[in-house]
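User: I am new to this structure and would like a close look at a single part of it, the surroundings of the ligand. Please set that part in the context of the rest of the protein as well.

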Amino acid sequence: MKGKIFKLVAGVLAGMFLLSGCGSTTPTTVAGPHDVPLSIVADFTKKENKGGNWVTYGDCKITLKDGTTVITDRAASNCGIAVPCPDYRGNTVQASVKATTENDSLTVSLRYEIFGNVSYVNIAPGTPNEAGIVEITGSIEIPANAENSMIYLEANDVRDITVTSFELSIVGELNNLTGVPVESLTDPTGTASLSAAYANYFKFGVASPATVMTNPNDGFRQMILTQFNSVTPENELKPENVLDAAACLKDPAKYNESPAIHFDAAKPILDFCKENGISMRGHTLIWHSQTPSWFFYENYDVNGQLASRDLMLKRMENYIDSVINYCETNYPGVIYAWDVCNECIDDGGGIRQSYWTQTIGNDFVEKAFEFARKHAPSNVQLFYNDYNEYQGSKQDDIINLLKPIAAAGNIDGMGMQSHISSGLDPDYYISAAKRYADELGVIIHITELDVTAPKSQNPMYDQGVYMQKLFTAIIEADKAGVPIECVTVWGLTDDMSWKSSTKPLLFYGNLSPKPAYEGVMCAVNGGEVAKPADYVEPVVDTTPFIEDYEDKSFTGGPRYSSVQKIVGDAYEGEWCLENSEGYDTYDGYAVDVSNYAGHTIHVSFAIKSAADQCCLTADIDGTWPHLAEVPTGTGEWVFVECDYTVDAGATLQIYWESSDMSPFYLDSLKIETVD
Ligand code: XIL
């Protein structure tokens with residue numbers, strides 16, 4: 001069976017080589033196919049590279065103890081251990097990790113190289129319980145062209161971690177790509193330029209890792225030079241890369257008020273922009289994430305006290321001053337805009353609690369803009385940047401936060417990250433841009449655009465059609481006076497995206513343009529996205545969805561961390577579904593109803609829970625309307641019926657959740673169209 005699958009995939013990839021002709025890389029050939037284990041279990045009784053299946057990741061100390069690894073002296077929040085899985089490229093992999101730690105959270109992440117460019121993707125987060133124990137499980141699709149893949153454990157902080165188990169396994173059937181060379185790159189210089197096409201409207205930018213600049217393969221640099229006229233370093237100007245940990249921690253007294261900084265990571269990309277006359281967006285000065293926790297402690301000692309407000313204000317001002325000053329001195333005029341603060345609004349509303357609020361207080365955003373204005377040259381634009389920024393309640397919070405800063409004249413622009421899906425209504429999105437511009441008197445940059453491809457029969461084509469609609473709306477808004485001055489896509493290719501499995505960008509991994517690129521071009525040049533050769537006429541599947549659990553199976557799945565089990569004590573028959581172990585109320589049981597797009601559905605189900613209320617909720621583009629709110633809490637079954645109209649073209653899940661994370665039970669579930 002394995003052999004058969006291998007041949008199939010090898011055939012597909014071999015076909016791609018022939019098509020992709022003018023490659024600027026020679027495919028890396030790998031030794032012929034060999035057996036790939038379906039799971040890899042780290043063995044902490046064995047030393048690194050001595051059959052233990054694990055390696056040290058970054059700068060830290062590892063001690064093997066009683067079949068666990070104890071990780072200490074972690075120089076940065078991503079230092080620890082990794083489990084290499086280079087042979088798992090082209091597969092979906094489930095990672096399960098069990099650990100004990102005093103860090104507030106751990107994350108399992110994937111690192112891989114795409115033609116020499118390093119990409120990082122978060123797989124799943126976990127929060128330790130009171131005993132510090134955390135179990136994390138998540139899965140990820142590793143791109144077929146990924147090399148040197150490894151899955152590693154990171155934390156929000158540099159405190160110790162004891163890893164008790166770390167296991168990877170293949171989800172579904174194995175694609176054995178061990179003998180298959182990675183694809184060739186296409187020549188990117190033959191593709192018409194986005195920035196030239198949009199020259200009358202706004203800059204067209206891209207986020208890139210600096211490894212693109214040091215890569216011996218220049219295809220990616222050529223692509224930037226051909227396509228884009230603004231570049232955002234994807235990670236290299238974030239505090240975790242700019243703060244000089246070694247210097248600060250070695251001589252905390254010297255750097256106590258004015259943190260040591262360095263640009264080792266950012267230099268290649270700054271040099272590239274300077275040499276090629278490309279403008280750069282600086283991202284980001286102040287952020288709760290990707291900022292080491294030691295930065296917030298007295299003497300940079302995480303075992304001591306948090307720094308006082310006064311000390312943190314000094315560190316903040318000196319950091320902002322010295323970063324801007326370094327860039328202006330060494331790269332004058334390169335950085336035309338800085339994201340001064342990133343993501344300061346909490347998902348639940350109000351200011352996000354972080355080390356910044358704990359040390360300085362809620363006015364840290366105001367202070368950061370005050371310092372940035374004081375130290376930045378007047379031609380450098382100062383931005384606030386956030387995600388889900390198009391959602392109504394988040395707009396209110398952002399506007400409330402920024403109003404006084406705008407009134408003080410300390411902000412020039414609103415950065416709309418725009419990590420969206422192809423279900424988002426472009427008019428709704430544009431109304432947010434207009435509102436920020438009108439109410440704050442600032443310009444707009446779309447800073448991190450990526451668009452999750454729909455789960456449709458023609459995902460690439462449908463994404464292209466959506467991109468045309470979106471960019472048509474952006475152009476119209478720009479013409480109508482909404483001051484959109486730059487649109488940046490968050491990555492060069494799907495494979496390099498931080499959300500690679502959602503295929504959210506404009507170019508395929510081999511640098512060839514996707515229908516999404518074509519849609520963006522059609523919006524400005526006219527025309528329509530061509531239907532690809534493998535286009536299938538969409539069939540709307542309105543077969544009713546029925547689950548009674550009597551055969552002990554279910555086809556929906558967990559929303560985030562929840563766990564589903566078939567248990568007894570049913571509403572009808574013998575078996576029902578139990579949802580439990582969520583970390584949050586919305587970690588429920590989800591069913592995809594995208595196939596009913598354009599129809600009204602009638603949903604009926606029986607539910608029971610100890611929680612006061614259970615809800616049936618729709619998850620559409622970051623809005624979560626309740627389709628049914630069911631009073632539960634008595635432990636009795638409640639039978640519920642409701643109707644909901646699924647928008648045409650929408651990618652949509654509906655999910656059941658309980659108000660206090662208590663387990664809930666579902667039975668007699670039926671979804672059918674009624675129109
Ligand atoms: C992401 C990068 O793309 C990843 O490589 C990194 O591992 C995590 O950060 N909002 C932001 C960006 O402002 O800085 C984030 O970038 C994506 C979300």
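How far is an oxygen atom of the ligand from an N or O atom in the side chain of Glu234?

Analyst: In this predicted model, the distance between an oxygen atom of the ligand and an N or O atom in the Glu234 side chain is 2.5 Å. Glu234 belongs to a group of 14 residues around the ligand, and it is listed with Lys238, His283, Asn342 and Glu448 as those that come nearest. For two others of these residues a distance can be given too: a polar side-chain atom of His283 is 2.7 Å from an oxygen atom of the ligand, while for a polar side-chain atom of Asn342 the corresponding distance to an oxygen atom of the ligand is 2.9 Å. On its own the ligand has 420 Å² of accessible area, and the protein covers 90% of it.

Turning to the wider protein, the largest nonpolar core consists of 156 residues, and Ile151, Phe166, Tyr384 and Phe471 are the ones with the most contacts inside it. The element that gives the most to this core is helix 9, spanning residues 309-330, which supplies nine residues. Because domain 1 (4-170) and domain 2 (188-525) both give residues to this core, it lies between them. Phe471 can serve as an example: once its neighbours within four places in sequence are left aside, its contacts are Tyr198, Phe202, Phe204, Leu449, Val487, Val520 and Ala523. There is also a second, separate core of 30 residues, with Tyr589, Ile601, Val640 and Leu666 among them.

How values were computed
Residues are numbered from 1 along each chain as its sequence is written. This is a predicted model: local features need pLDDT of at least 70, side-chain atom pairs count only at pLDDT 80 or more; totals for chains, interfaces and linings use all residues. Side-chain values use heavy atoms; hydrogens and water are left out. A nonpolar core is a set of buried Ala, Val, Leu, Ile, Met, Phe, Trp, Tyr and Cys residues joined through side-chain atoms within 4.5 Å. Buried means under 20% relative accessible area, exposed over 50%, partly exposed in between (1.4 Å probe, protein chains only). Helices (H or I, at least four residues) and strands (E, at least two) are DSSP runs, numbered from the N terminus. Domain bounds come from an automatic or database domain assignment. Contact means heavy atoms within 4.5 Å. A residue is near a molecule or strand if one of its heavy atoms lies within 4 Å of it. A polar contact is a pair of N or O atoms within 3.5 Å; within protein, one must be able to donate a hydrogen and the other to accept it, and residues adjacent in sequence count only if both atoms are side-chain atoms. Accessible areas come from the Shrake-Rupley method with a 1.4 Å probe; for residues, only the protein chains shown count as cover.
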